[in-house]
Amino acid sequence: MIALQTAATAGLTRIGLQSDHAAEPDAVDSAPAIVVGSGYGGAVAALRLGQAGIRTLVLEMGRLWNTPGSDGKIFCSTAAPDQRSMWFRNRTEAPLASFLWLDVVNKDITPYPGALDRVHFDNMSVYVGRGVGGGSLVNGGMAVTPLQSYFTEQFPTVDASEMYNTYFPRARSMLGVNTVDPTWFESTEWYQFARTSRKAAANTGLKTTFVPNVYDFDYMQREAAGTATRSALGQEVIYGNNYGKRSLDKTYLASALGTGNVTINTLEKVKAVSRAGDGSWTLTADRIDNTGAVVETKQYSCTYLFLGGGSLGTTELLVRARDTGALPALNSSVGAGWGTNGNTMLGRANHIWDTTGANQSTMPVMGIDDWANTDNPVFAEIAPLPIGFETWVSLYLAITKNPERASFTYDSSTGSVKLGWSAAQSAVSVAMAKKLFDRINSANATIYRYDLFGSSSKIFADDFCYHPLGGCVLGKATDNYGRVKGYSKLYVTDGSLVPGSIGVNPFVTITALAERTMARVLVEDTAP
Ligand code: FAE
């Protein structure tokens, strides 16, 4: 077992590897509370349980990322991906598959429990983070609070004023959200790409807005000045950042371990959940090694079970539990209400005089905000293409108000779940993104790039998303606080609660909702 603990004091910023020995005699196999997964939902649950004095075990299928490789770095860069990049692959599967139609982006790698996974379903593949910190290890750090009006539309039963006065501020403060210095932004070569996209938007009469981030912008400025080791300015992002980013292992999870009540077991994938006769929860987990081989199948038991495996992980566990008969009282909303947050990626080709810069920060700080356009609401993140030379490409991750939703079903022949998302459902996002970017191209006399998403001259990446949301929607599969309907002492705290769309990048919302759940549950459900 790999057990992780901080040193004695609370509030540490690092997690230390305590032991990599085989199971110790006193290994924890039961705890009052178990949390599955260590992304945003899991990390909030772990911290608040630990602070309440409840002994808590977190089970995470990915690694703890704290040990440097032979190059002295913990994570590899997008420019030189190696085994650390992706979850058990022979070759990387980057979002941008090609450049000038050439297969120059992806590289052969050795299978290993790397930081980024791309989970394939029939018409959609979903990028997720693997490791202690989940998606926070690999994401772009954009920390956006949704428009209150859209939040209310999506969560009509949640008290929005409480969210905007208490839980969103709490989440932002705990996550270490900060903003780029606008003066530096205007002058630095590292954000030329964003300024060029802003100009194209302005020419179209569109509004752009600065977007907060959890990357430490003081650190980034030191990177630019040459006084700090480069990370965001060193092509590090989707395979992890070695410096600068306040990922969950440096915030919530470090504090959780600092309570002394929380333990994290890594490389352990929970595959089944059931309820014992005495009402306690039983979990079965496979412990894997670095080759992916199952080296042990473990049993755990707990009184309170918190599911933070993300939209895919949590939904899969509950759909399987219901449809195998392990938890037959789970309702038919479990597995339903899933969406991509309307994600579509695309690139535009700028004029030769509108350069985007050879040097680009990997952390986006600006978006085109056309959400108020009721005909075609879109929020488009201005994304970097940090490949080290001038490309004249403006890249975007469009978040469209796609109303399409899909469901997961259990496949008894494989024991896994299938996602019923269709190509036609992606086409809705594409049409909305196209409507906006046709306007931008027309106003600027520019065209789309056809060479970025494989050899098929695809303009819009309609086959992957970064923002999987839903599957156990708040108020449907659960009560208004994430308590799973049909069972007591079973909770969902992650992106599965969000009904398929939130209009902006989702992790601040996921964190704030988890804070709200924990505040309620710790008062009402765990009192002696
Ligand atoms: P998540 O962070 O995915 O954590 C789930 C954890 O559970 C993972 O560590 C899993 O390995 C683990 N797990 C799953 N199943 C099991 C199991 N059966 N047993 C044990 N462990 C399990 O969930 N969002 C933003 O707001 N801003 C951004 O800039 C942004 N950029 C992104 C860029 C990329 C490349 C990607 C992939 C995502 C991005 N996102 C961004 C999305 C964001 O990371 C995502 O919404 C959250 O991470 C979801 O949080 P959850 O707590 O739901």
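**Exercise 1.** By class, how many nonpolar, polar and charged residues does the shell around the ligand have?

*Solution.* This is a predicted model, in which local features need pLDDT of at least 70 and side-chain atom pairs pLDDT 80 or more, while totals for chains, interfaces and linings use all residues. Residues are numbered from 1 along each chain as its sequence is written, and side-chain values use heavy atoms, without hydrogens and water.

Step 1. The ligand is surrounded by 36 residues, each with a heavy atom within 4 Å of it. Glu60, Met142, Val270, Gly495 and Phe507 are the closest.

Step 2. Ala, Val, Leu, Ile, Met, Phe, Trp, Tyr, Cys and Pro count as nonpolar, Asp, Glu, Lys and Arg as charged, and the others, Gly among them, as polar. The shell thus divides into 13 nonpolar, 18 polar and five charged residues.

**Exercise 2.** Identify polar atoms of the protein that lie beside oxygen atoms of the ligand.

*Solution.* Step 1. A polar contact is a pair of N or O atoms within 3.5 Å.

Step 2. A polar backbone atom of Phe507 is 2.7 Å from a ligand oxygen, and a backbone N or O atom of Gly41 is 2.9 Å from a ligand oxygen. For Asn139, an N or O atom of the side chain lies 3.1 Å from a ligand oxygen.

**Exercise 3.** Describe the packing of helix 1 against helix 10.

*Solution.* Step 1. Helices are DSSP runs (H or I, at least four residues), numbered from the N terminus. Helix 1 covers residues 40-51 and helix 10 residues 507-524.

Step 2. Their axes (lines fitted to C-alpha atoms over the stretch in contact, with angles from 0 to 180 degrees between N-to-C directions) are 9 Å apart at an angle of about 30 degrees.

Step 3. Among the residues that meet (heavy atoms within 4.5 Å) are Val44 in helix 1 and Ala514 in helix 10.

Key. Helix = DSSP H or I, 4+ residues; strand = E, 2+ residues; numbered from the N terminus. Polar contact = N/O pair within 3.5 Å; in protein donor to acceptor, adjacent residues only side chain to side chain.
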